[in-house]
Amino acid sequence: MNVWSDADVAAALDLDTAIASQRLAFESLGRGVAQLADKVAIRTGADTTLCYLSRLSPRHGAVSKLVAVHPGNLDRGQPAVSATVLVLDAVTGQPTAVLAATALTEIRTAAGSAVAADALAVPGADELAVLGSGVQARAHVRAIARVRELREVRIYSRDAARRETAAAELAAELGLSVRAVASPEAAVREVPLIAACTLSVAPVVPTAAVAAGATVISVGSFEHHRCEVDAELIRRAGAVVVDEVDTAATHAGPIAQALERSDIAREQLRALGAILVGAEPGRVSAGEVIFYNSVGLGVQDAAAAHAVLGTL
């Protein structure tokens with residue numbers, strides 16, 4: 001059995017490969033080829049342990065991932081998210097590989113958002129606002145820059161030093177105009193692409209400042225109590241897109257709460273995979289606001305793991 005470190009995974013999973021793997025993952029869901037078990041979550045105080053199980057297609061071995069989310073690790077100088085993936089042989093069911101999956105989770109999450117941004121943003125969207133300055137915020141700038149020619153990136157987070165550091169590092173790395181701004185309103189105003197990449201339990205996207213035609217992506221609203229956007233954004237959105245309807249209805253804070261309030265009907269939710277394969281409409285007008293909520297799916301891990309192993 002092969003054992004892969006985070007460094008091994010990161011070296012094997014470049015962004016273009018990761019984005020291609022995530023497009024395949026969502027298209028497989030949209031075509032009904034992938035198998036996806038219910039996500040399991042256990043909360044202990046502020047910490048959460050998650051378990052994912054999926055199969056990308058009948059010819060691929062099943063993949064399971066165990067994830068620990070410990071927000072307090074940021075103050076300990078450690079990653080807030082750690083994960084491990086187990087890959088089984090498609091025929092025998094025997095373990096074939098174990099992958100450290102902190103880097104895999106980081107890369108596949110941002111790559112999945114890049115797929116969504118490419119499918120849902122208005123043509124020519126060349127400005128990106130990122131709320132957050134941590135690992136996922138930086139990964140999202142890198143990934144979205146692979147699918148859209150960005151002219152400017154604005155970054156806001158509550159810690160001024162962190163947002164300044166993130167902006168400087170990304171500008172130097174990517175050769176883009178990346179600047180830290182002093183408020184979330186300054187970040188999102190008149191920007192066509194917005195990515196919320198926090199672990200916040202309270203809304204961080206200022207809906208009143210969101211421009212017509214903007215696409216808002218949230219990856220931190222992956223539990224019922226986490227809501228990076230407010231109720232008004234859900235009500236304002238011309239389309240609410242999710243990575244998978246059943247999972248979002250239970251785990252995505254803004255979606256689950258909107259359903260409970262009857263602000264939106266379950267039938268109105270559109271799955272990204274269905275949009276990619278043409279079974280559901282995506283953006284239907286240049287002026288509508290699109291909201292995409294990703295909680296993260298096991299099939300994304302399966303596609304990324306098989307991409308690393310060369311068995312995609």
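Which helices and strands each supply at least two residues of the lining of the largest pocket? Before I answer, please keep in mind that what we have here is a predicted model. The elements in question are two strands, E4 (47–55) and E5 (63–69), together with two helices, H3 (102–120) and H4 (135–147), and each of them gives at least two residues to that lining. Helix H3 makes the largest contribution, with five residues.

As for the pocket itself, the space inside comes to about 1400 Å³, and 45 residues line it, with Leu74, Gly134, Cys197, Thr198 and Leu199 lying nearest its centre. If we sort the lining by class, we find 22 nonpolar residues, 15 polar ones and eight that are charged.

One of the residues nearest the centre of the pocket is a cysteine, Cys197, and that brings me to the cysteines. Searching the whole structure for disulfides gives zero. A disulfide, as you know, is a covalent bond joining the sulfur atoms of two cysteines. Why, then, is Cys197 not bonded to Cys227? The sulfur of Cys227 is the closest cysteine sulfur to that of Cys197, yet the two are 16 Å apart, and therefore too far for a bond, given that a disulfide requires the sulfurs to be within 2.5 Å. Seen from the other side, Cys227 is likewise in no disulfide, its nearest cysteine sulfur being that of Cys197.

Are these two cysteines buried or exposed? Cys197 counts as buried because its relative accessibility is 10%, and Cys227, at 7% relative accessibility, counts as buried too, the cut-off for buried being under 20%.

Definitions and conventions:
Residues numbered from 1 in each chain as written. Predicted model: local features only at pLDDT ≥ 70, side-chain atom pairs only at ≥ 80, totals over all residues. Heavy atoms only, no water. Buried < 20%, exposed > 50% of the residue type's maximum accessible area, 1.4 Å probe, protein only. 1 Å grid on protein atoms, 1.4 Å probe; cavity = no way out; pocket = protein on both sides within 12 Å on 5 of 7 lines; lining within 4 Å. Points joined across faces, edges and corners; volume = space filled by probe spheres on them. Helix = DSSP H or I, 4+ residues; strand = E, 2+ residues; numbered from the N terminus. Nonpolar A, V, L, I, M, F, W, Y, C, P; charged D, E, K, R; others polar.
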